[in-house]
There are 2 protein chains.
Amino acid sequence: MEFVFSENTKDLKPSAIREIFKSLTDPSVISFAAGNPSPQSFPVQYFRRFTDDVLKTNADAALQYGITEGFTPLRDDVLKRNRRIFGIGEEYDTAIITSGGQQGIDLTAKVICSRGDTVICEEPTFIGALNAFRAHGLNTVGVPMHGDSIDPDELENIIKKAERPKLLYLIPTFQNPTGRTMPLNVRKRCLEIAEKYGLIILEDNPYGELRFEGDDVPTVKSMDKDGRVVYCSSFSKILSSGMRVGYVIAHNDIATKIAVCKQVNDVHTNLLFQMVCHKFLTEFDLDAHVKHIRELYRRKSALMLKCLDEISGERIEYTRPQGGLFIWANLPGCKDHDGFVKKLVSKKLAVVPGSTFSCDVDHPAQGFRLNYSTPSDEQIIKGADILKETINESY
Amino acid sequence: MEFVFSENTKDLKPSAIREIFKSLTDPSVISFAAGNPSPQSFPVQYFRRFTDDVLKTNADAALQYGITEGFTPLRDDVLKRNRRIFGIGEEYDTAIITSGGQQGIDLTAKVICSRGDTVICEEPTFIGALNAFRAHGLNTVGVPMHGDSIDPDELENIIKKAERPKLLYLIPTFQNPTGRTMPLNVRKRCLEIAEKYGLIILEDNPYGELRFEGDDVPTVKSMDKDGRVVYCSSFSKILSSGMRVGYVIAHNDIATKIAVCKQVNDVHTNLLFQMVCHKFLTEFDLDAHVKHIRELYRRKSALMLKCLDEISGERIEYTRPQGGLFIWANLPGCKDHDGFVKKLVSKKLAVVPGSTFSCDVDHPAQGFRLNYSTPSDEQIIKGADILKETINESY
């Protein structure tokens, strides 16, 4: 039979990244396409120990239904850690444990925005967020990035022209896909503009702890004094992405509404891993572990940048991230980056094309995303060679 | 600041059950209010063994991002098991692993229904489904249960009068909250009526394996020849509810759309437990384990029914389930069951009031739900005494 799908979802397509991810079963393909943490960042032995500890001492609770808002000790840990590291947490804030950072984005959009509302995004931005917004029937309007970040005046103009703007979606630190970090003055202006136009800010900070160079820039949430900023993050990039444990820190009123929606979405996040996370936050030196991951990514990003530096500067431009997982590149002489990416894939180097990250798919961002956390050193070198060759052949 | 929530979610309230669940921290309260499996049904030693096996041999994959559709071997297991036990699975069907059965319900509604569409439900029905539908801005219209089930002619009349009916939500086997099982002829009629009016059926079967009396009735999905039935179930009632692993079996076209929505909802279900489930389905005698759970619930339901039988038959009516977790009771002399439930709670017996399960909250179902899987034998006896006393005092 022919199925008729809902208005919000009928035009939705699978994310190009996850489709690429599925096609990466060919072991001869080098992938700079992932957004995955390095397997070297997983503290496997501690996962074994803590998981077994929980199942030995607390199995009846770990295997039973839990509270939607999350395992209470973990909620407290999350608030404590984010207060210490990112200066987040007013009296009115609370933490809800989510099934990965993605669920926090999805549910925030669901509780704040109605069909036809507009979400203002950095352009390019995270495909998972864009598609979550689209699946709620929302418009996504992009503010182009120039240099380090978006231009606040341009942001304001775009908000003025937008149809029912409700949400401003930002990844201020080590942005996905560009690796860029928004300067403090732009963060402040974003908050002022959101206040002026009555927007909620969704600050997505999954990479915030992965700084391997330069100084921390205060989170937008840490400057928020009226509960306008919903903060999403997760343990995916510092412990494990497969366990799907993330969190939202938000004003109680918003958090309560998110919890109601989470209840009917997946009841609660898997409880054993919430308990295991609690152990990681209380019986493990997570700061030392994060430091180890930073060193790993510092080295890997430096290697990839060194390889890119060997390609003639006139032929390729790219960001120099101070943390996170991604470099954004573009070819000044190229008008069809998606076509170029197809050429790379045919030569067995997978990268993610700019169109994937575009609010307006008819005007794709000209560039592509490179990931350095997942490939081995050998793969980085070999992949960069393919990139160089393909550029030389094409331009 | 005052927050403005989305049209779909602004009127949503937390589920009464989960609110009761939270308030059950007072250990002197006896709870017949849960929908939880018995902790005695958790195969803890095998969880320890299989979890450690996975972390010992396959940690890098288990802790990494996975494919949205689910761990491929588990998807195959699920199809195989449901084909063998429930006769489910046409050529065009596929399985998607979800984060509990709840996510299957939520995402099915999301892909099939647009704001303002109507979902036709049994009345009373599962609150988690009702609230999932409401959170998508859908109308819920109930078909009252008489005797064992709904009346197909009444169903047809209600569909005719409904505004844009799209989905027929059914829990045909050991229904929540009534414990009733829909007879075969009604199942067939439901399918015919859905075909006639172009509705998709969402068949929710979380309790289907828990039959401790009588013979299996074919699932609606097993009689579906055009892919109209989306089938949801989970491992929550036979392995562990806390791990949040469920599944949808649906026509490829619908399953693909559900996967797209799952991708932006939680990326994928936690991978380690998917791998552990695969072990339970291939290296463990799950049939023997399910048989053990059935015996447990047969005994517990018999005990609760025996206690209820001791209350005068004129004062209370109740269902006699052949499986599952629930008994539905009502007091013929009572016009305000919600008020009666409050009285019970004040006497430290928690049950779930009928209004919780009503499509139309202004016309609450007159009755209350009793759960026998979670309380101990002593609690069942003591709780039934409180119930008897309170009835005697009130009528």
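This is a tour of a predicted model with two chains, A and B, taken one selection at a time.

Before starting, note that residues are numbered from 1 along each chain as its sequence is written, and that chains are lettered from A and ligands numbered from 1 in the order in which they are written. Because the model is predicted, local features need pLDDT of at least 70 and side-chain atom pairs count only at pLDDT 80 or more, while totals for chains, interfaces and linings use all residues.

**Stop 1: chain A**

Select chain A and show it as a cartoon. Chain A has 14 helices and 14 strands; these are DSSP runs, helices being H or I with at least four residues and strands E with at least two, numbered from the N terminus. The radius of gyration of chain A is 21 Å, close to the 21 Å that the globule rule gives for 395 residues, so chain A is as compact as a globular protein of that length. The radius is taken over C-alpha atoms, and the rule is 2.2 Å times the number of residues to the power 0.38. Along its principal axes, the C-alpha trace spans about 60 × 55 × 50 Å.

Of the 395 residues of chain A, 59% count as buried. A residue is buried if 20 or more other C-beta atoms lie within 10 Å of its own, exposed if 12 or fewer, and partly exposed in between, with C-beta atoms placed from the backbone.

**Stop 2: Pro27(A)**

Now select Pro27(A), in the loop between α1 (16–23) and β1 (30–31) of chain A. Is Pro27(A) buried or exposed? Pro27(A) is exposed, because it has 6 other C-beta atoms within 10 Å. Add Lys348(A): its C-alpha atom is 9.6 Å from that of Pro27(A), although the two are 321 residues apart along the chain.

**Stop 3: both chains**

Show chain B as well. A turn of 180° and a shift of 0.0 Å along the axis lay chain B on chain A with an RMSD of 0.0 Å, by least squares on the C-alpha atoms of residues with pLDDT of at least 70 in both. The two copies are thus related as by a two-fold rotation axis.

Next, select the interface. Here 69 residues of chain B are in contact with 68 residues of chain A, where contact means C-beta atoms, placed from the backbone, within 7 Å. On the chain B side, the largest share, nine residues, comes from α10(B).

**Stop 4: helix α11 of chain B**

Select residues 271–282 of chain B, which form α11. Nine of its twelve residues are buried, so α11(B) is largely enclosed by the rest of the structure. Among the buried ones are Leu271(B), Phe273(B) and His278(B). The buried residues pack against α2, α3, α4 (72–86), β2 (93–98) and α12 (286–309) of chain B.

**Stop 5: helix α8 of chain B**

Finish with residues 184–197 of chain B. At 1.5 Å a residue, the 14 residues of α8(B) should span 20 Å, and the end C-alpha atoms are 20 Å apart, which agrees; the expected span is 1.5 Å times one less than the number of residues.

Which residues of α8(B) are buried? They are Val186(B), Arg187(B), Cys190(B), Leu191(B) and Ala194(B). These cover an arc of only 140° around the axis, which puts them on the same side of α8(B); the arc is that of the directions from the helix axis to the C-beta atoms. The face turned away from the buried side carries the exposed residues Asn185(B) and Lys196(B). Just after the helix, Gly198(B) takes a positive phi of about 70°.

Conventions: Two residues are in contact if their C-beta atoms, placed from the backbone, lie within 7 Å.
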